[in-house]
Amino acid sequence: MKPKAKDIREIVAPFKGDRGVTIPVLQAIQNVYGYLPPETFSIIEDELGIPSSVSYGVATFYSQFRLRPVGKHIIKACDGTACHVRGSQTLLSSIKDHLDLKDPESSNDGLFTLEIVACLGCCSLAPVMMIDDVTYGNLTIEKMKEIIMTYRKGGG
Ligand code: FES
């Protein structure tokens, strides 16, 4: 959904008059758009009186917040210790090659955004990646390519 200031104002409006809402209001906006559009911060300042420097500071401090649009599917590739010793670096570079990514970024087709994470909590399945809410373990390069193909075909 393309962000519109009017729509962002509607998301922000229910938080008026409440205290300590910086994180919840940012989460509410990100839940709709998948990231925080640039106008987010001035709208929060206008509507809630929270200085944009504060809300922007919060958005950049917490890794849960994204400042750029994301693909339809989020790939979280683990590079924690267990995954690292079982070949996550090779897998990561294969994912980047396969999706033609220069950095942990989004694919040109808008389908995938790659994030590198420290641990997905299932080290016994290393190496591991998650796509959206689904965990895939004991990955090989071939298995990763097959899984990504199912999402390209609209499955997953
Ligand atoms: S280190 Fe990868 S899941 Fe824990």
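How are H1 and H2 oriented to each other? Helix H1 (residues 5–12) and helix H2 (residues 22–33) pack at an angle of about 135 degrees, with axes 9 Å apart, and they are therefore oblique to each other. Angles under 35 degrees count as roughly parallel, over 145 as roughly antiparallel, 65 to 115 as roughly perpendicular and the rest as oblique.

This is a predicted model, in which local features need pLDDT of at least 70, side-chain atom pairs count only at pLDDT 80 or more, and totals for chains, interfaces and linings use all residues. Residues are numbered from 1 along each chain as its sequence is written.

**The helix pair**
- H1 passes H2 in a right-handed crossing (the near helix is turned clockwise from the far one by less than a right angle).
- Ile8, Ile11 and Val12 in H1 meet Val25, Ala28, Ile29 and Val32 in H2; contact here means C-beta atoms, placed from the backbone, within 7 Å.
- The residues of this contact divide into 7 nonpolar, no polar and no charged.

**The cores**
- The largest nonpolar core (buried Ala, Val, Leu, Ile, Met, Phe, Trp, Tyr and Cys residues joined through C-beta atoms within 7 Å) has 17 residues, of which Ala77, Ile95, Val128 and Met129 touch the most other members.
- Buried means that 20 or more other C-beta atoms lie within 10 Å of a residue's own.
- Strand S1 (73–78), helix H6 (88–99), strand S2 (112–117) and helix H7 (141–152) each give two or more residues to this core, and H6 gives the largest share, 4 residues.
- Not counting residues up to four places away in sequence, Ile95 touches Ile75, Ala77, Leu114 and Met144.
- A second, separate core of 12 residues includes Ile8, Ile11, Val25 and Ile29.

Note on methods: Axes fitted to C-alpha atoms, helices over the stretch in contact; angles between N-to-C directions. Contact = placed C-beta atoms within 7 Å. Nonpolar A, V, L, I, M, F, W, Y, C, P; charged D, E, K, R; others polar.
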